[in-house]
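Please open the model in your viewer and keep the selection tool at hand. The stops below are meant to be visited in order, each with something to select and something to look for.

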Amino acid sequence: MKKNFSMKSANNAIKIFFEEYSKTSSFYILAAIVLGFLFGAVLIILTTDAVYAGFRNSFWEGIQVSFRTMGKTLESIFVGAFGEPKRIISAFQNGDPQTIRIAINPFFESLTVSTPYIITALALTLAFRSGFLNIGAEGQVFMGGIAAVWVGFSTHSLPSIIHVPLTTFSGMLAGALWGAFPGWLKAKTGAHEVITGIMMNYIAVLFVDYMASGPLRDPAVFTPQTPPISEHAQFFRFFEPPIRFHIGFFIAIAMVPIVNFFLFKTIWGFELRQAGLNPQGAKNAGMNTTKLTIMSLALSGALAGLAGANEIQGISYFMNSLNFTSGYGRNAISLALIGGLQPVGAMIAALFFGFFTSASKFMSLRAGVPHHIIPVMQATIMFFIATPALIRTIFRVKKASSEETLITKVSI
Amino acid sequence: MEKETNSNNIQSIIFLKNKRLGALFIILALVMVVLFTQNLDAITQTTLNLTHASSSIMTNDLVLNSRQTIIVIAVIIGLAGIYQLIIGFRSKFTLVLGIVFLLFTFGFIVWSVSGSSINITGLLSVMVVRSIPLIIGAMAGILSERSGVVNIAIEGMMLSAAFTASVVASLTNLWVGLLVGILTGGLIAWIHATMCVKYKANNVISGTIINLFAIGITSYFSEKYIQSLDYAYLNNPGFFFPFEIPLFSKIPVIGPVFFNQNIFAYLMYILVIVLNFAIFQTKWGLRLRSVGEHPKAADTLGIKVNRTRTRAVILSGLIAGLGGSFFSIGSIGSFNEQMTAGRGFIALAAMIFGKWNPINAAGGGLLFGFAESISLKLAIFDVAIPSKILAMLPYVITIIVLGGVVGRNIGPAAGGQPYETESK
């Protein structure tokens with residue numbers, strides 16, 4: 001009797017918790033993530049030949065094979081992102097530093113891969129908050145990269161303490177200028193920053209291609225690429241090869257509180273957010289919307305440029321338009337939205353995504369799942385985030401009396 | 001937000017149109033005289049070949065003296081600039097701008113191929129081919145945006161349609177492939193309509209989601225199946241061949257350029273004319289426009305706003321599907337990952353250039369098609385400008401067009417605003 005009662009109250013507590021939780025924006029994001037992953041799983045199962053073979057034998061075997069396929073995919077994602085536990089343990093027992101480094105490499109590689117995603121997700125968060133979809137982040141990453149390469153290799157005599165920040169800042173400056181231009185166009189002529197931004201992306205890629213195969217080409221190498229940057233301009237790496245984990249990760253993490261402080265604790269940040277929520281209101285309140293437009297897209301561009309410089313100084317050291325392809329800007333749009341337009345949320349989403357991306361190569365090798373599954377799932381997650389009403393229907397949740405999640409409220 | 005700031009800018013636009021662009025023309029003329037005639041002596045000639053490669057009609061080659069031609073063009077542009085500075089072309093300005101652009105490019109061609117010859121009909125023929133997806137995409141954009149739904153998902157609709165058209169055409173025949181391609185566009189548009197109209201999501205975000213999804217899902221299936229040798233037969237659809245329209249194709253120069261194309265070009269011509277008539281001359285078009293301009297008033301008069309919008313967006317998707325099918329079964333006969341390469345967005349720029357008017361947007365599409373064709377053609381010649389810089393041309397022109405060289409073009413007033421019925 002007593003037991004029954006406690007069961008009931010526990011049930012009630014869960015019910016009450018669910019009801020309360022379903023009113024918060026994080027519920028919608030979580031639900032969207034669950035649905036996105038479900039969609040990805042169904043897609044993987046539907047495109048695996050073994051599943052069909054299993055169903056041809058018997059229904060039960062088909063189900064079993066489906067689950068085994070999913071298990072294999074999930075396992076390969078885990079191993080790809082964190083490393084194989086058995087191997088790590090045996091490496092530590094062995095004690096050979098090189099073996100240990102190889103065993104723990106996947107984890108640090110995932111952190112390294114996450115770094116540019118964290119920075120670009122912050123860039124997009126900042127732009128979204130001020131009411132702009134900075135779709136040009138991709139081009140800004142490229143411009144930041146090429147500027148960093150140029151400053152990085154053109155001098156060799158500067159000490160690291162000057163050369164490293166100089167290279168990084170030049171990348172940020174290039175990104176800021178490339179980002180400010182659509183902002184300026186938007187403010188002055190009303191050209192939509194999404195379309196001009198996309199055009200700027202194509203121009204940036206072609207420009208980098210041109211620079212790497214023309215004026216900045218390294219004559220010593222057969223393939224068209226720039227010379228490597230000076231050793232004094234490279235980021236500090238914490239371990240010996242093959243671990244590429246570098247200080248850029250901590251720069252990215254440091255950007256999270258900086259962006260957070262800027263957005264929520266400064267007057268400029270306040271003005272940007274007001275302009276994002278209600279442009280006309282901000283204008284009526286006497287804010288200079290032209291300045292705000294240019295500033296927000298320039299700052300967003302500076303962050304994207306930082307991501308480009310980070311890739312050059314931390315990982316590749318030279319620019320080659322073939323290997324310097326990223327999709328950082330494209331992915332950052334969804335990361336910022338999944339992060340609920342909060343800097344901390346963007347960081348979590350980017351870390352999550354970075355680990356996933358880092359594992360995707362291993363996943364396509366071992367489980368035969370193309371890494372293009374990632375954009376599909378991202379799009380599905382965003383689809384559900386953008387349609388909270390659909391989530392309410394699926395999960396049978398009542399509409400919250402308070403404001404809808406901010407994501408759908410931002411005016412772009 | 002754009003609409004409110006608009007009235008404040010009318011003054012500056014008039015100023016911009018009258019002074020700055022007149023000055024720009026004069027600068028262009030000077031650039032032509034100084035740069036283009038620099039390394040030309042008085043007897044260098046440019047040969048313009050006017051015979052289409054696959055046409056039976058022979059036309060005499062046009063031989064021009066390079067230097068004189070460039071100077072004549074520069075003088076015309078300079079005079080246009082002076083006229084603009086003093087009197088102003090006013091409402092005809094967009095037309096004059098287009099003509100000046102064409103003259104300038106013509107001068108550029110004469111300069112860059114001086115001493116040898118270029119096939120002009122070939123260049124124009126490629127222009128028409130390149131402009132097919134742009135113009136069809138612009139028509140899709142017009143239909144959707146006239147109803148008040150911003151549609152940047154055209155890129156994604158086109159990419160998905162290119163994929164399904166290619167696969168289905170490989171399995172059956174080209175016509176079934178085309179049909180499935182069109183329907184794919186409609187299906188994706190239905191998702192866009194559901195998000196934008198029913199769930200009132202932000203139109204730009206919804207479009208971005210669809211574009212991302214289209215890139216992901218087509219690349220996923222492409223890598224999983226059609227790139228592997230076992231399934232290579234899934235990506236071998238063949239393509240529609242060009243055929244001549246009797247009578248019309250006999251017109252010199254224009255005939256082979258416009259009337260020796262494949263089915264997509266002819267469908268495009270019909271589409272532009274029909275859409276122009278439907279939007280401006282029919283009851284349906286009036287309702288469509290009223291829903292896009294003032295949904296509340298339309299609702300008061302008994303027009304079902306959301307239903308009209310949903311239908312317009314789906315129809316827009318069907319058109320985008322037609323344009324997308326062109327990429328695979330209309331031109332190269334296979335599907336490549338991300339083969340649309342931003343054409344959906346350039347189509348939107350053509351739409352804005354044409355002020356949401358089908359005929360004018362088609363002109364814009366031809367302009368962008370010309371930019372693409374010329375950047376392709378000149379890459380072959382040994383021009384002073386590297387091919388990668390030339391390849392930027394369509395994108396740069398898009399920015400210049402959007403940046404209001406032609407004045408601030410205003411879309412339908414209720415574009416991008418979901419409509420909430422009050423009677424609930």
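The tour that follows goes through a predicted model, beginning with a helix and ending with a buried arginine.

Begin in chain A by selecting helix α9, residues 193–213. Its 21 residues, at 1.5 Å a residue, should span 30 Å, and the end C-alpha atoms are 29 Å apart, which agrees with that expectation. If you then display the surroundings, you will find α9(A) largely enclosed by the rest of the structure, because 15 of its 21 residues are buried.

Next, select Trp184(A), which belongs to helix α8, residues 160–189, of chain A. With a relative accessible area of 40%, Trp184(A) is partly exposed. Leaving aside residues up to four places away in sequence, Trp184(A) is in contact with Thr189(A) and Ile294(A). Add Leu297(A) to the selection as well: although 113 residues separate it from Trp184(A) in sequence, the two C-alpha atoms are 8.9 Å apart in space.

Now turn to the aromatic rings, for which a search of the whole structure gives 38 pairs over all chains. One of the pairs joins Phe78(A) and Phe82(A), whose ring centres are 5.1 Å apart and whose planes meet at 35 degrees, so the pair is tilted. Both residues sit in helix α4 of chain A, residues 59–82, four residues apart, or about one turn of the helix. An α-helix has 3.6 residues a turn, so residues three or four places apart point the same way. Phe78(A) is partly exposed at 43% relative accessibility, and Phe82(A) is likewise partly exposed, at 36%. For a contrasting geometry, select Tyr220(B) and Phe221(B), an edge-to-face pair with 5.6 Å from centre to centre and 85 degrees between the planes. Here Tyr220(B) is buried, at 0% relative accessibility, whereas Phe221(B) is partly exposed, at 23%. Returning to chain A, extend the selection to the cluster that ring pairs build, which includes Phe78(A), Phe82(A), Phe107(A), Phe236(A) and Phe355(A).

The last stop is Arg146(B), in helix α4 of chain B, residues 120–146. Which side chain of opposite charge is nearest to Arg146(B), and how far away is it? It is Glu293(B), at 4.5 Å, and Arg146(B), although buried, has no salt bridge. What the side chain of Arg146(B) does reach is the backbone oxygen of Trp356(B), at 2.8 Å. Beyond residues up to four places away in sequence, Arg146(B) touches several others, among them Phe280(B), Leu288(B), Glu293(B), Trp356(B) and Pro412(B).

Definitions and conventions:
Residues are numbered from 1 along each chain as its sequence is written. Chains are lettered from A and ligands numbered from 1 in the order in which they are written. This is a predicted model: local features need pLDDT of at least 70, side-chain atom pairs count only at pLDDT 80 or more; totals for chains, interfaces and linings use all residues. Side-chain values use heavy atoms; hydrogens and water are left out. Helices (H or I, at least four residues) and strands (E, at least two) are DSSP runs, numbered from the N terminus. Buried means under 20% relative accessible area, exposed over 50%, partly exposed in between (1.4 Å probe, protein chains only). Contact means heavy atoms within 4.5 Å. Lys and Arg count as positive and Asp and Glu as negative; His and the chain ends are not counted. A salt bridge is a side-chain nitrogen of Lys or Arg within 4 Å of a carboxyl oxygen of Asp or Glu. A polar contact is a pair of N or O atoms within 3.5 Å; within protein, one must be able to donate a hydrogen and the other to accept it, and residues adjacent in sequence count only if both atoms are side-chain atoms. The expected span of a helix is 1.5 Å times one less than its number of residues. Rings of Phe, Tyr and Trp (its six-membered ring) pair if their centres lie within 6.5 Å; planes under 30 degrees apart count as stacked, over 60 as edge-to-face and the rest as tilted.
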